[in-house]
Amino acid sequence: MIPQGTCRFCQINSGSYKYLDIDEPIAGNDDFIAVASIGALVEGWSLIMPRKHQLSMRNYYSTPLLGNLIESLLPILVQQYGPVMVFEHGANTEGSITSCGTDHAHLHLVPFGESLLLDMYGSGLNWIRCRSSEIASLTGESEYLFYSELGTDCKWIDPAGHLHILERPFSQFFRRLIAKKTIGDNMFDYKSNPNIEVSRKTRRALVSMYTPTP
Ligand SMILES: [Zn+2]
Ligand SMILES: [Zn+2]
């Protein structure tokens, strides 16, 4: 485990924000929070993360509180931006390059109407179909990539998706594909392209539309 206090997402959870008006969570419950993503390639790009420091979401996919939080955001994302896809870079060690710059588990919620499937299957990686609840048993200790198209369906009922079990770490896989379809494939790296203004807009829009579920 990394020393306490050095993980940016743990800092967000404890209320100390690096990007003041962006990092403040949009929504949250006892176990998870939602924030606007830094480095968003499209507006609306959000992250769901466990409050607890974990390396991947694999053991969380079946937990009701994850579904509750996602379902409270999906109607807003769909209404404001259109069809939504989700993906995760499931890491398994601190500092793995598979995780996109943070070791803290997170799920990307991205309103992007164009499918990545052709590019994913054309990438040379092997993909298997599975439901999110099957990721933990299928991956064991391995790192993985998971992708699912929710479209305009605002429910989170153990979605079916596509899983790649990594043979070697891979950085920012899905970002590269989305960058290619949006601002250009050399712009995929969020470190050189943090797109702060897009994140700021996302947070403002989502906070203004969000109604906490009782
Ligand atoms: Zn953390
Ligand atoms: Zn990520």
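This report describes the zinc site, the nonpolar cores and the surroundings of one loop serine in a predicted model.

Local features need pLDDT of at least 70 and side-chain atom pairs count only at pLDDT 80 or more, while totals for chains, interfaces and linings use all residues. Residues are numbered from 1 along each chain as its sequence is written, and side-chain values use heavy atoms, with hydrogens and water left out.

The zinc ion (ligand 1) is coordinated at 2.0 to 2.3 Å by the four donors tabulated here, where donors are N, O and S atoms within 2.8 Å of the metal (3.2 Å for Na, K and Ca).

| Residue | Donor atom | Range for the site |
|---|---|---|
| C7 | SG | 2.0 to 2.3 Å |
| C10 | SG | 2.0 to 2.3 Å |
| H53 | ND1 | 2.0 to 2.3 Å |
| H104 | ND1 | 2.0 to 2.3 Å |

The donor residues follow the spacing C-x2-C-x42-H-x50-H. Because the 4 donor atoms subtend angles of 105 to 116°, the arrangement is tetrahedral (all angles between 85 and 135 degrees).

The largest nonpolar core (buried Ala, Val, Leu, Ile, Met, Phe, Trp, Tyr and Cys residues joined through side-chain atoms within 4.5 Å) has 33 residues, of which I48, M57, Y61, L66, I70, L107 and W156 touch the most other members. Leaving aside neighbours within four places in sequence, L66 is in contact (heavy atoms within 4.5 Å) with F32, I48, M57, Y60, Y61 and W156. Another core, of 29 residues, lies apart from it and includes I33, W45, M120 and L145.

S96 is buried at 10% relative accessibility, buried meaning under 20% relative accessible area with a 1.4 Å probe and protein chains only. The side chain of S96 makes a polar contact (N or O atoms within 3.5 Å, one able to donate a hydrogen and the other to accept it) with the side chain of E143, at 2.8 Å.

Key:
Chains are lettered from A and ligands numbered from 1 in the order in which they are written. Buried means under 20% relative accessible area, exposed over 50%, partly exposed in between (1.4 Å probe, protein chains only). Four donors count as tetrahedral if all angles lie between 85 and 135 degrees; four count as square planar and six as octahedral if opposite donors are over 155 degrees apart and all others between 65 and 115; anything else is irregular.
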